[in-house]
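User: Please take me through the model shown here, one topic at a time, and give the criteria behind each term as you come to it.

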Amino acid sequence: MSLSLVHSRTLLGLEARPVCVEVHLANGLPSFTLVGLADTGVKEARERVRSAIANAGLEFPSNKRITVNLAPADLPKDSGRFDLPIALGILAASGQIDAARLAGWEFAGELSLGGELRPVRGALAMSLALHRHDAEAAAVTRLVLPPGSAEEAALVPQAQVYRARHLLDVVARFLPESASASAEPPDAAGWTRLACTALGAAPAYPDLADVKGQAAAKRALEIAAAGGHSLLMVGPPGSGKSMLAQRFAGLLPPMDTLEALESAAVASLAGRFALERWGQRPTCAPHHSASAVALVGGGSPPRPGEISLAHHGVLFLDELPEFPRTALEALREPLESGHIRISRAAMQSEFPARFQLVGAMNPCPCGFLGHPTKACRDTPDQIARYQGKLSGPLLDRIDLHVEVPALPPNDLLHGVAGEPSASIRERVQAARSLAQRRQGSPNQALAGQALDAHVNAEPAALKFMHTAAARLGWSARGTHRALRVARTIADLAGLEAVGVAHVAEAVQYRRVLKVGA
């Protein structure tokens with residue numbers, strides 16, 4: 001009778017919880033039992049592990065009663081990430097590798113039937129969790145991962161990550177002392193320690209200079225980028241709304257290391273991470289047929305939705321009124337809080353969702369309301385129903401509403417290129433730095449006493465804001481959002497005080513829709 005312990009981690013939301021893989025071999029009727037709230041994918045590891053050990057030329061103890069426990073027992077486990085730790089636990093319990101040498105290591109990886117290691121989701125989240133644990137416990141834990149996952153995990157500073165290509169590459173490092181002396185030298189190419197990857201290439205974004213005309217919309221994009229504000233563009237088909245939105249991420253300041261790690265960890269959890277997109281602010285543009293679960297996340301176990309995949313980036317919702325009403329209303333809380341909590345009967349998962357919303361829509365069903373040359377063929381009732389698909393509470397949470405008119409053919413064919421994204425980004429960075437030094441956060445995050453303390457509006461500007469809010473019937477939220485936009489406009493001008501001109505420009509960005517709920 002023998003017992004071995006191997007350490008791994010399971011994903012619960014964006015958290016990587018520690019899991020201890022306990023393997024017990026005993027005499028009795030041969031069997032292979034796996035317990036510990038494992039889903040179907042984990043239970044199928046029995047066949048993968050059995051075949052991988054046999055095909056790698058190792059001995060599978062088929063004449064023993066094998067019990068594998070994934071502790072803690074009340075924590076759900078999914079995917080094939082436990083294949084490698086289960087295989088190592090069986091080999092350690094049968095004496096083929098030294099169980100004592102596994103201390104201080106964590107393992108994750110799916111096994112093929114031949115013993116090759118395959119990538120797993122959430123490697124970056126595992127490495128981040130391990131890094132935090134080691135910092136708190138003043139310990140050093142090494143992580144072994146397959147190719148494709150190890151490169152992700154190595155992005156975490158000071159992480160000790162090893163890449164293994166085959167089960168035998170891992171076994172060769174943990175052989176008993178007596179066996180390792182007589183064994184063949186391990187394949188150096190199959191086992192590699194990865195240093196923290198320093199990806200210095202600047203991310204590439206589409207250039208705003210590609211968009212001709214639309215000076216008002218470009219100004220609104222600059223304000224939104226400088227203050228972290230949400231934006232709604234309204235205009236006829238072909239006016240350039242989608243082009244503007246696709247170039248918005250290029251106006252945002254470069255991501256710092258923490259932001260890049262958080263964004264990449266969510267993408268890794270969804271299986272969308274790619275090394276070449278490291279440090280690039282994501283732009284997620286789901287189709288308007290997306291459900292509420294696709295947007296905010298869900299499932300069992302819960303997976304991140306588009307709002308979390310756009311963390312520290314841009315969520316672009318084109319044809320905004322065509323989205324299901326329930327999907328749009330689900331955006332209300334994340335727009336305010338910057339995170340989403342998904343509650344199920346068995347568990348709760350929380351995902352980050354600090355995104356900038358950019359919406360685009362036509363002013364009416366036919367799209368040509370207010371067009372200079374094409375007549376709108378919709379009735380007022382049809383226009384009201386179309387615009388009424390966006391609820392008042394949702395529109396109230398969008399800071400900037402801007403009209404994107406149709407571009408005259410002469411401006412399109414003979415107009416000069418616009419200002420490049422790089423020069424606009426410099427002004428955005430300067431404004432954000434000013435806000436960061438003043439209050440330690442973007443202007444969009446100002447609320448309560450912090451807003452009163454840092455808006456620094458002149459008396460005449462406050463009087464103008466009060467008059468506008470009273471006449472236009474703004475809510476308290478709408479008034480505060482207009483104040484934040486005015487604060488951002490003053491920051492772009494390099495001014496500490498918010499004047500009447502800044503408030504007047506902020507007021508014009510509220511509610512361009514002619515009819516609404």
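User: How many nonpolar, polar and charged residues make up the lining of the largest cavity?
Analyst: In this predicted model, the largest cavity is lined by Leu11, Gly13, Asp78, Arg121, Leu269, Pro301, Pro302 and Arg303. Ala, Val, Leu, Ile, Met, Phe, Trp, Tyr, Cys and Pro count as nonpolar, Asp, Glu, Lys and Arg as charged, and the others, Gly among them, as polar. Under that scheme the lining residues divide into 4 nonpolar, 1 polar and 3 charged.

User: What pLDDT is required before side-chain atom pairs count?
Analyst: Residues are numbered from 1 along each chain as its sequence is written, and side-chain values use heavy atoms, with hydrogens and water left out. In this predicted model, totals for chains, interfaces and linings use all residues, local features need pLDDT of at least 70, and side-chain atom pairs count only at pLDDT 80 or more.

User: What is the volume of the largest cavity?
Analyst: On a 1 Å grid over the protein atoms alone, a cavity is a set of points where a 1.4 Å probe fits but cannot get out, whereas a pocket is an open set with protein on both sides within 12 Å along at least five of seven lines, and lining residues have an atom within 4 Å of a point. A search of the whole structure on these terms finds 1 cavity of 30 Å³ or more. With volume taken as the space filled by probe spheres set on points joined across faces, edges and corners, the largest cavity comes to about 60 Å³.

User: Which helix gives the most residues to the lining of the largest pocket?
Analyst: The largest pocket, at about 580 Å³, is lined by 31 residues, of which Glu259, His312, Arg354, Arg432 and Pro442 lie nearest its centre. The elements that give two or more residues are helix 14 (332-337), strand 18 (356-361) and helix 18, helices (H or I, at least four residues) and strands (E, at least two) being DSSP runs numbered from the N terminus. By class the lining holds 11 nonpolar, 12 polar and 8 charged residues. The element that gives the most, with 4 residues, is helix 18.

User: How far apart in space are Leu258 and Pro442, C-alpha to C-alpha?
Analyst: Leu258 belongs to helix 10 (residues 257-269) and is exposed at a relative accessible area of 55%, where exposed means over 50%, buried under 20% and partly exposed in between (1.4 Å probe, protein chains only). Leu258 and Pro442 are 184 residues apart in sequence, and their C-alpha separation in space is 16 Å.

User: How many residues apart in sequence are the parts that Arg427 and Glu222 tie together?
Analyst: The side chains of Arg427 and Glu222 meet at 2.8 Å, N to O, in a salt bridge, that is, a side-chain nitrogen of Lys or Arg within 4 Å of a carboxyl oxygen of Asp or Glu. Arg427 is partly exposed, at 31% relative accessible area, whereas Glu222 counts as buried at 7%. Arg427 lies in helix 18 (residues 421-439) and Glu222 in helix 8 (residues 215-227), so the parts tied together are apart in sequence by 205 residues.

User: Which residues are joined into one network by salt bridges that share partners?
Analyst: Asp396 and Arg510 form a salt bridge at 3.4 Å, N to O, and both residues are buried. Asp396 lies in helix 16 (residues 392-396) and Arg510 in the segment after helix 22 (500-507), so this pair links parts 114 residues apart in sequence. Salt bridges with shared partners extend this into one network of Glu336, Asp396, Arg397, Asp399, Arg477, Arg481 and Arg510.

User: Which strands stand at the edges of the open sheet with the order 1-2-4-3?
Analyst: This open sheet of 4 strands has mixed pairing, two strands being paired if DSSP finds at least two bridges between them. Strand 2 (residues 15-26) and strand 4 (residues 65-71) run antiparallel, joined by 7 bridges, and His24 stands opposite Thr67 in strand 4. Each edge strand has a single partner, so one side of each is left without a neighbour in the sheet, and these are strand 1 (2-12) and strand 3 (31-35).

User: Which residue is the bridge partner of Leu145 in strand 9?
Analyst: Another open sheet of 4 strands, again with mixed pairing, follows the order 5-8-9-10. Within it, strand 8 (residues 142-145) and strand 9 (residues 161-164) pair in the parallel sense over 3 bridges. The bridge partner of Leu145 in strand 9 is Arg163.
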